[in-house]
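Trainee: I should like to learn how to read the features of a protein model. May we go through the structure together, one topic at a time?

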Amino acid sequence: MEQTITTLPNTTRGWANGFIGVVIFSGSLPATKIAIEGFSPDFLTAARATIAGIISLIIFIFLRQKIPNKTYFTPLLIVAVGGVIGFPLLSALALQYVSSAHSIVFIGLLPLATAFFAVLRARERPRKLFWFFSVIGSLFVIGFALFQGGKSTLVGDLYMIAAILLCGLGYAEGAILSKKLGSWQVICWALVISLPIMLILCAFLWPDNLTDVPTKAWLGLVYVSFFSMLIGFFFWYRGLSEGGIAGVGQLQLLQPFIALLLSAWLLNETVNAFMIASTCGVIFCVAASKKFAR
């Protein structure tokens, strides 16, 4: 697959890598649902970043990677605060006040946040029709989430807004850095920078008893640690840097629907006609956004 992708034009290759990243991230929801059957949400957040950080450190030692220039430290810190610490932590806090169904409302705003920071940080200038289809696509996701229902509170909504803004900033900053350091290097260094804090949190939140944790919960932890926190970003940051941050970022509109399809397959959850119609609308908007992104 990698050989096929590398022979594609640069922009198309970016969208292909971005789509692979979104599919991997989409598995996070069902994997997290499985994992929290044995672990608390806050421990799971710290544990997955700790595991991914240790793996990143081993990779750097094995490959004898040099420490990046100090000018890259601040951007890497932004990536770490946005994607490694901020979004997982704030969204976990939000889920104490809002339902997972309601949180999809804000996930629908993530592509717009990513595009906003693409303009602000990467000086991208999408065409006006791009913003039109981006907004329509977000409305499809938000409408679907509102149709699903779910509880909400002001505190939970504020946590989710902060999480989305930090995540969009982290994505844009990571994509810019990927052109200089490489996609896998960016996320690995961000994880290594976050590792001391996550190790402390992991130790503080350590469960009293691990013997009763079911096997499927361990498998969920493995997925979110290896794929959601690490491997998915290899493809995602490369896709954003090659295909354009604002444009490829629109692929995130598909994430809730892919996640629900995976949940239907793995967790026997229901797929209804409204979900299928919303997915078709989102696919159209993503295709249109791709056309007008540049």
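Mentor: Let us begin with a term that we shall need. A residue is called buried under 20% relative accessible area, exposed over 50%, and partly exposed in between. Please keep in mind throughout that this is a predicted model.

Trainee: How should that scale be applied to Glu37, and in which class does this residue fall?

Mentor: Glu37 has a relative accessible area of 45%, so it is partly exposed. Lys216, with 44%, is likewise partly exposed.

Trainee: What is the overall make-up of the chain in helices and strands?

Mentor: The chain has 14 helices and zero strands. In sequence order, the pattern reads α-α-α-α-α-α-α-α-α-α-α-α-α-α. The radius of gyration is 18 Å, close to the 19 Å that the globule rule gives for 294 residues, so the chain is as compact as a globular protein of that length. The C-alpha trace spans about 55 × 45 × 40 Å along its principal axes.

Trainee: What share of the residues is buried, and how much area does the chain expose?

Mentor: Of the 294 residues in the chain, 53% are buried. The chain exposes about 13,800 Å², and carbon and sulfur atoms supply 70% of that area. As for contacts with a separation of 6 or more, 90% of them are made by residues 24 or more positions apart.

Trainee: How does one read a salt bridge, and how many are found in the whole structure?

Mentor: Side chains of opposite charge can pair when their charged atoms come close. In this model, a search of the whole structure finds four salt bridges. One of them joins Glu37 and Lys216, whose closest N and O atoms are 3.0 Å apart. Glu37 lies in the loop between helix H3 (28–35) and helix H4 (41–63), and Lys216 lies in helix H11 (residues 215–243), so the pair ties together parts that are 179 residues apart in sequence.

Trainee: Which residue forms a salt bridge with Arg121?

Mentor: The partner of Arg121 is Glu173, and the closest N and O atoms are 2.8 Å apart. This pair also links distant parts of the chain: Arg121 is in helix H7 (residues 110–122) and Glu173 in helix H9 (residues 154–181), 52 residues apart. As to accessibility, Arg121 is partly exposed at 40%, whereas Glu173 is buried at 3%.

Trainee: Where do Arg238 and Glu242 lie?

Mentor: An α-helix has 3.6 residues a turn, so residues three or four places apart point the same way. Arg238 and Glu242 both lie in helix H11, four residues apart, about one turn of the helix. They form a salt bridge with the closest N and O atoms 3.1 Å apart. Arg238 is partly exposed, with a relative accessible area of 25%, while Glu242 is buried, with 11%. A network of salt bridges links Arg13, Arg238 and Glu242.

Trainee: How is an aromatic pair read, and how many such pairs does the structure hold?

Mentor: A pair of aromatic rings is described by the distance of the centres and the angle of the planes. The structure holds 16 aromatic pairs. For Phe39 and Trp218, the ring centres are 5.0 Å apart and the planes stand at 80 degrees, so the pair is edge-to-face. Phe39 lies in the loop between H3 and H4 and Trp218 in helix H11, so this pair ties together parts that are 179 residues apart in sequence. Phe39 is buried at 4% relative accessible area, and Trp218 is partly exposed at 36%.

Trainee: Which arrangement do the rings of Phe133 and Phe284 show?

Mentor: Their centres are 5.8 Å apart and their planes stand at 80 degrees, so Phe133 and Phe284 are edge-to-face. Phe133 in helix H8 (residues 128–148) and Phe284 in helix H14 are 151 residues apart. Phe133 is buried, with 13% relative accessible area, but Phe284 is exposed, with 53%. Elsewhere, ring pairs link Phe25, Tyr171, Phe233, Trp236 and Tyr237 into a cluster.

Trainee: What span should helix H14 have, and which of its residues are buried?

Mentor: At 1.5 Å a residue, the 20 residues of helix H14 (residues 273–292) should span 28 Å, and the end C-alpha atoms are 29 Å apart, which agrees. The buried residues of H14 include Met275, Val282, Cys285 and Phe292.

Terms used
Residues are numbered from 1 along each chain as its sequence is written. Side-chain values use heavy atoms; hydrogens and water are left out. A salt bridge is a side-chain nitrogen of Lys or Arg within 4 Å of a carboxyl oxygen of Asp or Glu. Helices (H or I, at least four residues) and strands (E, at least two) are DSSP runs, numbered from the N terminus. Buried means under 20% relative accessible area, exposed over 50%, partly exposed in between (1.4 Å probe, protein chains only). The expected span of a helix is 1.5 Å times one less than its number of residues. The radius of gyration is taken over C-alpha atoms; the globule rule is 2.2 Å times the number of residues to the power 0.38. Contact means heavy atoms within 4.5 Å. Accessible areas come from the Shrake-Rupley method with a 1.4 Å probe; for residues, only the protein chains shown count as cover. Rings of Phe, Tyr and Trp (its six-membered ring) pair if their centres lie within 6.5 Å; planes under 30 degrees apart count as stacked, over 60 as edge-to-face and the rest as tilted.
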